[in-house]
Amino acid sequence: MKDPFINRKYIVMALVITGFLALIIRLFVIQIVKDTYRLSADNNVLRYVTQYPARGLIYDRNGKLIVSNQAAYDIMVIPSQTSVIDTAEFCALLDITKDIFRKQMRTAINYSRRAPSVFLKQISDANYARFQEKMFLYPGFYVQPRTLRKYSRPVAAHILGYVSEVDEGLIKKNPYYKSGDYIGKSGIEEAYESELRGQKGVKIFMVDVFSRIKGSYADGSMDTVAVQGEDIISSINIDLQEYGELLMKNKRGSIVAIEPSSGEVLSLVSAPDYDPGLLVGRIRSENFARLQSDTALQPLFNRALMASYPPGSTFKPVNGLIGLQEGVITEDTKFGCDQGYLFVGCHLHSSPLNLPQAVANSCNSYFCQTYRRVLENKKYGSVEEAYIHWKSYLNQFGFGSRLGTDFVNELAGFIPPASYYDRFHGKNRWKALTVISLAIGQGEIGTTPLQMANMTAAIANRGFYYTPHIVKAVGHEGKIDPKFTLKHTINIDTAHFESVILGMEGAVGGMAGATARVAAIKGIAVCGKTGTAQNPHGKDHSVFIAFAPKDDPKIAIAVYVENAGFGATYAAPVASLMIEKYLRDSISNKAMEQRILELNLEENIKEDETEHKPVE
Amino acid sequence: MKRSINLWNSLDKTSVILFLLLVIMGWFNIYAAVYNEEHTRIFDLSQRYGKQFIWILAAIVTGIFALIIDNRFYFFFAWFIYGFLMLLLALVLVFGTEINGAKSWFEFSWFSLQPSEFAKFGTALALAGYLNTRRHDLTRWKVIIPASAIILFPALLTALQPDMGSTIVFIALFLVLFREGMSPYVFVSGMLAIILFFLTLLVNNFYLSIALVVLALLLIWFATRRWKIALGGGIIITIITAIFYLINHYVIQSIDNEIILLTAVLLSGLLVSWYIYVKKAIAVFVIFLFLLGSLVFVNSVDYGFNHVLPDHQRDRINILLGIKSDPHGTGYNVNQSIISIGSGGLTGKGYLQGTQTKFKFVPKQSSDFIFCTIGEEWGFLGSFVVIGSYLFLLLRLIFLAERQRSVFSRVYGYGVVSILFIHVFINIGMAIGIVPVIGIPLPFFSYGGSSLWGFTLLLFVFLRLDASRNEYLV
Ligand SMILES: [Zn+2]
């Protein structure tokens with residue numbers, strides 16, 4: 001058998017020999033030619049000092065610094081490098097007891113004899129200064145500088161989140177983090193952790209037997225440089241945020257304000273809240289446990305994103321819009337109201353009303369009849385079919401699913417699918433009247449304050465919205481996730497929005513029977529809608545949505561004041577104050593401001609038995 | 001009885017001795033890598049070296065079995081073994097346990113198995129079976145394509161895990177096709193495509209594109225032996241690129257630089273086409289096509305990687321390519337590894353005296369980075385002995401492969417050579433920083449049952465085939 005390719009065996013051999021020769025030459029270079037890698041006998045220990053980059057800072061939308069860093073010092077220990085020491089003197093130096101010393105040493109040895117572990121966390125500046133001087137007496141111990149967070153104002157805790165030490169589980173999962181490192185939890189700190197944290201570096205030093213640094217190893221050629229974390233420009237207006245938190249003191253509820261033209265969240269208040277400074281440094285774990293166990297106030301629970309309420313009458317504009325788009329009513333369609341429609345009651349007002357008047361008067365009958373026409377539309381084969389169509393409009397407004405914001409925890413809310421009613425009543429066994437309470441935002445439906453603010457922004461924009469987001473830009477070059485510049489258009493004509501907005505303007509601006517006059521601001525065209533969210537566990541929640549100015553909306557807002565009753569009573573004034581504060585930076589109605597600041601709803605809150613799961 | 005005596009007589013003892021030498025050196029080095037004061041007994045089963053001892057015993061039993069089985073078994077069951085192992089590779093994607101970001105292990109209650117380590121053996125066997133029956137005419141595409149498919153199928157399955165190391169090992173089997181007659185042009189362009197693929201992921205594409213253009217111009221210079229042509233081509237491309245760049249910068253503003261360069265090269269080609277046609281400059285034409293092909297290739301790989309692959313897959317590939325895997329910044333792992341090896345000097349620090357490797361600064365010391373311990377404790381001399389042993393073994397195996405009478409045995413032998421070579425080269429190359437960090441064990445050395453058994457099976461089946469090289473298979 002003749003093999004024409006037999007000579008190729010030499011090529012294969014040559015390839016193998018060349019490959020191995022390359023390995024040997026390289027080994028010769030690093031092991032024999034370069035002496036940088038070799039260590040002399042008396043400084044035969046290398047120390048790897050992690051270079052922690054400064055965590056990125058957080059600014060508000062106007063460039064005001066909200067979160068910065070402060071230095072802290074951890075004492076680290078490498079058990080295998082320690083020698084017999086005067087424990088008493090050592091403990092006195094650091095203000096610790098011998099028990100703590102023994103306990104910490106045991107923990108460190110259990111972790112690793114040769115790798116560094118944290119011996120003492122965040123020692124005081126005074127202890128640091130003293131220890132620094134005497135450190136050479138204690139081989140195996142050294143100081144690791146770290147940075148802690150510092151807050152310029154005690155506000156916006158729910159937005160910012162906090163930073164805490166990584167736990168064992170995470171260290172196993174993600175090799176970037178080592179024992180004693182910090183990581184962002186909740187809020188911006190968690191959502192933008194990878195941008196804020198930067199990249200650690202390592203400096204390698206030669207150390208003698210007395211733990212003294214003898215110099216940089218291999219002239220620093222093996223070191224890696226720490227990369228500073230990127231700064232975050234938040235979209236919030238810190239002054240507005242502070243004012244909102246002040247207004248919500250001694251109350252329970254939330255405020256979400258959005259700039260309609262961009263989807264940027266201007267303010268997001270969830271009351272009760274806490275001072276973010278409580279979760280920094282050595283006091284952190286104790287304070288955190290306290291906040292977590294406060295089941296009465298639940299300060300860690302972010303209502304703005306995580307609480308789901310029936311939207312109540314604030315939902316009427318959307319149902320009006322769907323009616324218009326489906327062609328079952330026009331702006332001029334009038335419905336009579338005799339203090340109610342079938343079994344749904346209404347308050348006393350003039351009758352009949354057209355659509356803008358019905359919005360301004362918040363007439364239940366009008367929207368029940370509209371909703372009935374929507375569901376009994378001959379265009380669709382069945383009520384179920386029409387219902388599915390109606391629900392698709394709501395989904396376009398961002399209801400029933402997560403909006404996809406840059407908040408870590410966000411509730412989806414609930415818009416019942418048709419099958420939900422099939423289950424209770426049987427397929428094709430339910431009619432428009434079965435679900436008529438949805439017409440006025442009551443019943444099985446659940447929406448979050450954030451979703452309501454987003455809906456308001458979509459109305460203000462006359463039919464589109466940008467996904468709400470809390471970060472305006474990452475880094476000073478203004479990078480932003482492209483999903484936040486994606487326009488979500490709602491399939492409803494702009495003209496229809498004008499009809500509904502006319503009614504919302506009337507509700508505040510004093511059309512006959514207006515329900516929200518209290519929210520009016522002289523010189524600013526505010527459009528709003530009151531609402532009452534039914535609460536089976538206690539007094540109803542006061543809800544108000546609004547945007548202003550009418551023609552060039554700068555702010556869209558949703559306010560929830562829990563256990564405060566009718567929407568106009570408390571939520572509307574809060575919204576009005578927030579709008580004026582944002583647009584004018586001053587308050588004209590001092591009396592109303594005073595009334596809200598003094599309002600204390602703690603009694604009502606105590607009677608409420610609603611349970612929320614606090615979320616870390 | 002007579003048969004077993006014959007077997008012993010015709011067994012290649014040199015290879016067996018080298019095998020035993022490597023396995024024992026490996027075991028002692030794993031002991032050194034894991035060594036700590038609390039556990040000093042080398043047979044301590046709670047430690048890796050203790051377990052490795054059990055794996056070694058099992059490997060020797062595996063080797064003996066591979067020798068006892070009739071040589072025709074491997075020939076007749078090649079496809080069956082291949083099919084079974086491919087099935088395992090597919091199943092591990094579904095039922096496997098994810099370790100270090102790759103789904104490549106079956107985990108049972110008392111031990112875990114990595115099917116890809118055995119699939120290498122199966123693929124070499126199937127390749128041998130195919131080329132034997134087809135009279136191995138690798139000059140024809142009709143043979144090249146199915147043969148490539150046998151190799152690429154497991155390469156694809158392991159890439160999905162994703163276990164880039166194993167993928168590369170399978171691809172190394174193309175060396176066998178080259179030995180058996182595949183055109184060197186096909187072989188070289190295939191290898192270039194693979195190298196370019198990795199460069200695309202590792203290097204900035206714009207610079208890579210520029211480098212390709214410069215390389216093409218240099219090739220034109222060497223091919224035509226006239227620098228004016230290369231310079232002229234360079235000037236034309238530069239001018240057209242500049243014009244496009246300015247247009248994009250001021251008017252369109254959305255086109256990537258790489259695409260501008262690609263378009264410019266294409267237009268330059270049209271411009272000089274008359275020259276190529278008139279002067280019949282075939283070499284220039286071929287080089288130009290090569291350049292254009294490479295640029296399109298680079299851009300499409302980049303596009304596929306950044307736009308088509310889902311995020312988590314991309315992250316995984318990045319991690320496996322070592323792009324994001326360094327917890328302490330770029331190059332940390334490799335730096336640590338080089339420091340330990342470099343600190344070994346000529347003669348090393350002595351057995352168990354390594355300081356760097358003891359501090360757990362080097363990751364995966366007993367598996368992927370086992371060479372650090374060798375380099376640090378045994379120095380250049382020790383490293384030389386280890387590499388020399390591998391070289392000796394590989395050259396011996398090539399010699400054995402060439403003395404086979406059947407195509408089946410020779411192809412299989414070259415399969416063994418390719419697999420072992422790529423493992424040794426990448427593993428040591430990675431530890432000394434001339435190859436990107438790709439997790440792949442050092443044959444017979446690294447800790448781990450699956451890889452040790454896989455390699456033992458691979459080698460001893462070949463030694464079995466070699467032992468009866470004078471018998472006919474069919
Ligand atoms: Zn009414």
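Here are some short exercises, each with a worked solution, on a predicted model.

**Exercise 1. Find which residues coordinate the zinc ion, and work out what arrangement the donor atoms make.**

Step 1: Start with the donors. The zinc ion is held by the SG atoms of A:Cys337, A:Cys346 and A:Cys363 plus NE2 of A:His349, at 2.0 to 2.4 Å.

Step 2: Look along the sequence. The donor residues follow the spacing C-x8-C-x2-H-x13-C. A:Cys337 sits in the loop between helix H12 (316-326) and strand E13 (340-341) of chain A, while A:His349 is in the loop between strand E14 (344-345) and helix H13 (355-361), so this pair ties together parts twelve residues apart in sequence.

Step 3: Check the angles. Tetrahedral calls for all angles between 85 and 135 degrees. Around this zinc ion the four donor atoms subtend 103 to 120 degrees, so the arrangement is tetrahedral. For comparison, the ideal angle for four tetrahedral donors is 109.5 degrees.

Step 4: Now the surroundings. Buried means under 20% relative accessible area. A:Cys337 comes in at 10%, so it is buried, and A:His349 counts as buried at 14%.

**Exercise 2. Describe the interface of chain A and chain B: how many residues does it take, and which part of chain A gives the most?**

Step 1: Count the residues. Chain A brings 43 residues to the contact and chain B brings 55.

Step 2: Look at the area. Together the two chains bury about 4,500 Å², with 72% of it on carbon and sulfur atoms. A:Phe20, A:Gln31 and A:Arg114 supply 16% of what chain A buries against chain B, more than any other three residues.

Step 3: Go through the interactions. The rule finds zero salt bridges across this interface, but it does find seven residue pairs in polar contact.

Step 4: Trace the elements. Helix H1 (8-33), strand E1 (45-51) and strand E8 (201-207) of chain A each supply at least two residues to the side touching chain B. H1(A) gives the most, with 19 residues.

**Exercise 3. Decide whether helix H9 (residues 238-247) of chain A is largely enclosed or open, and find what caps its N-terminal end.**

Step 1: Tally the buried residues. Seven of the ten are buried, so the helix is largely enclosed by the rest of the structure.

Step 2: Put names to them. Among them are A:Ile238, A:Tyr243, A:Glu245 and A:Leu247.

Step 3: Look at the N-terminal end. A:Asn237 caps H9(A), with a side-chain oxygen 3.0 Å from the backbone nitrogen of A:Asp239.

**Exercise 4. Pick out salt bridges that link distant parts of a chain, and say where their partners lie.**

Step 1: Take the total. The rule gives 33 salt bridges over all chains.

Step 2: Try one in chain A. A:Arg61 pairs with A:Glu259, their closest N and O atoms being 3.3 Å apart. A:Arg61 lies in the loop between strand E2 (58-59) and strand E3 (65-77), A:Glu259 lies in strand E11 (residues 253-259), and the two are 198 residues apart. A:Arg61 is buried at 14% relative accessibility, and A:Glu259 is buried at 14% too.

Step 3: Move to chain B. B:Arg410 and B:Glu180 meet at 2.8 Å, N to O. B:Arg410 is in helix H18 (residues 407-431), B:Glu180 is in the loop between helix H9 (174-179) and helix H10 (184-202) of chain B, and 230 residues separate them. Both are buried.

Step 4: Finish with a network. Salt bridges with shared partners join A:Arg55, A:Arg149, A:Glu189 and A:Glu193.

Terms used
Residues numbered from 1 in each chain as written. Chains lettered and ligands numbered in written order. Predicted model: local features only at pLDDT ≥ 70, side-chain atom pairs only at ≥ 80, totals over all residues. Heavy atoms only, no water. Donors = N, O, S within 2.8 Å, 3.2 Å for Na, K, Ca; no water. Tetrahedral: all angles 85-135°; square planar, octahedral: opposite > 155°, others 65-115°. Helix = DSSP H or I, 4+ residues; strand = E, 2+ residues; numbered from the N terminus. Buried < 20%, exposed > 50% of the residue type's maximum accessible area, 1.4 Å probe, protein only. Contact = heavy atoms within 4.5 Å. Buried area = accessible area lost by both parts, 1.4 Å probe. Salt bridge = Lys/Arg side-chain N within 4 Å of Asp/Glu carboxyl O. Polar contact = N/O pair within 3.5 Å; in protein donor to acceptor, adjacent residues only side chain to side chain.
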